Amino acid sequence: MKRRTHKPKTSVENWTVSQVGCPDCAGVLKLTRDGRHGHHRYKCYVGHRFSTQSLLKAKEAQLEIALWSTLVLLAHIEMVCSNLIRERQSARASHTKPLQLRIREARVHEHKIRTVIESTHVCHVEEA
Ligand SMILES: [Zn+2]
């Protein structure tokens, strides 16, 4: 008697392009459903692979790095604007108002980004 075996509804070979970028490189992730429960699986061109949970964790980490990087970039803009103001004051040149406005704006944006970072509740999900 021939025994029936369970065959997944979809094969891991049915990859489609997703709209999500790979968190580990600049590649685009392809998506498939795998196994009896149809869990999503992701892989990029060079072979980075993710489950939905590991992709979420990687994207959250990527977002935190991007937000801190943006905050630091704004601080650098403030410093460079301050240096430019000092240079212009030494040369007795005017036109520092746009630089002063930019510094104030950068500080406001820094505060908003810090609030976003500190108010984010990262979701820690377990692998299924
Ligand atoms: Zn990749």
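## Two helices side by side

Let's start with the helices of this predicted model. Helix 1 (residues 52-90) and helix 2 (residues 97-119) have axes that come within 9 Å of each other and cross at roughly 160 degrees. Because of that angle, helix 1 counts as roughly antiparallel to helix 2. As for the handedness, helix 1 passes helix 2 in a left-handed crossing.

What kinds of residues make up the contact of helix 1 with helix 2? They divide into 15 nonpolar, four polar and six charged residues. If you are wondering about the choice of numbers above, two packed helices are described by the angle between their axes and the distance between the axes.

## The overall plan

Now step back to the whole protein. It has two helices and four strands. Reading from the N terminus, the elements run β-β-β-β-α-α, so you can follow them in your own view of the model as you read on.

Two figures describe the protein in general terms. Of its 128 residues, 8% count as buried. Among contacts between residues at least 6 apart in sequence, 41% join residues at least 24 apart.

## A sheet of four strands

The four strands form an open sheet in the order 1-2-3-4, with antiparallel pairing. Which strands lie at the edges? They are strand 1 (16-21) and strand 4, each of which pairs on one side only. From one strand to the next, the twist averages 35 degrees.

While you look at the sheet, here is a general point to keep in mind. In a regular strand the side chains alternate between the two faces of the sheet.

## Strand 1 and strand 2

Strand 1 runs antiparallel to strand 2, and three bridges join the pair. Together strand 1 and strand 2 form a hairpin, with six residues between them. To find the pairing in the model, look for T16, which stands opposite L31 in strand 2. You can also look for G21, which stands opposite V28 in strand 2.

How many of the six residues of strand 1 are buried? The count is zero, and strand 1 is hardly covered.

## Strand 2 and strand 3

Moving along the sheet, strand 2 (residues 28-34) and strand 3 (residues 39-43) also run antiparallel, joined by five bridges. Here T32 stands opposite R41 in strand 3, while R33 stands opposite H40 in strand 3.

These two strands form a hairpin as well, this one with four residues between them. The turn includes G35, which has a positive phi of about 75 degrees.

## Where the helix meets the sheet

How does helix 1 sit on the sheet? Helix 1 lies across strand 3 and strand 4, and it runs at about 105 degrees to strand 4.

Strand 4 (residues 49-51) contains F50. Is F50 buried or exposed? F50 is buried, because 22 other C-beta atoms lie within 10 Å, and 20 or more are needed for a residue to count as buried. Setting aside its neighbours within four places in sequence, F50 is in contact with Y42, L55 and A58. F50 and L29 are 21 residues apart along the chain, and their C-alpha atoms are separated by 9.2 Å.

## A link to the far end of the chain

Another residue to find is L56, which belongs to helix 1. L56 has 16 C-beta neighbours inside 10 Å, so it counts as partly exposed.

Which residues does L56 touch, not counting those up to four places away in sequence? They are C123 and V125. L56 and V125 are 69 residues apart in sequence, and their C-alpha atoms are 8.5 Å apart in space.

Key:
Residues are numbered from 1 along each chain as its sequence is written. This is a predicted model: local features need pLDDT of at least 70, side-chain atom pairs count only at pLDDT 80 or more; totals for chains, interfaces and linings use all residues. A residue is buried if 20 or more other C-beta atoms lie within 10 Å of its own, exposed if 12 or fewer, and partly exposed in between; C-beta atoms are placed from the backbone. Two residues are in contact if their C-beta atoms, placed from the backbone, lie within 7 Å. Axes are lines fitted to C-alpha atoms, for helices over the stretch in contact, and angles run from 0 to 180 degrees between N-to-C directions. Angles under 35 degrees count as roughly parallel, over 145 as roughly antiparallel, 65 to 115 as roughly perpendicular and the rest as oblique. A crossing is left-handed if the near helix is turned anticlockwise from the far one by less than a right angle, and right-handed if clockwise. Ala, Val, Leu, Ile, Met, Phe, Trp, Tyr, Cys and Pro count as nonpolar, Asp, Glu, Lys and Arg as charged, and the others, Gly among them, as polar. Two strands pair if DSSP finds at least two bridges between them.
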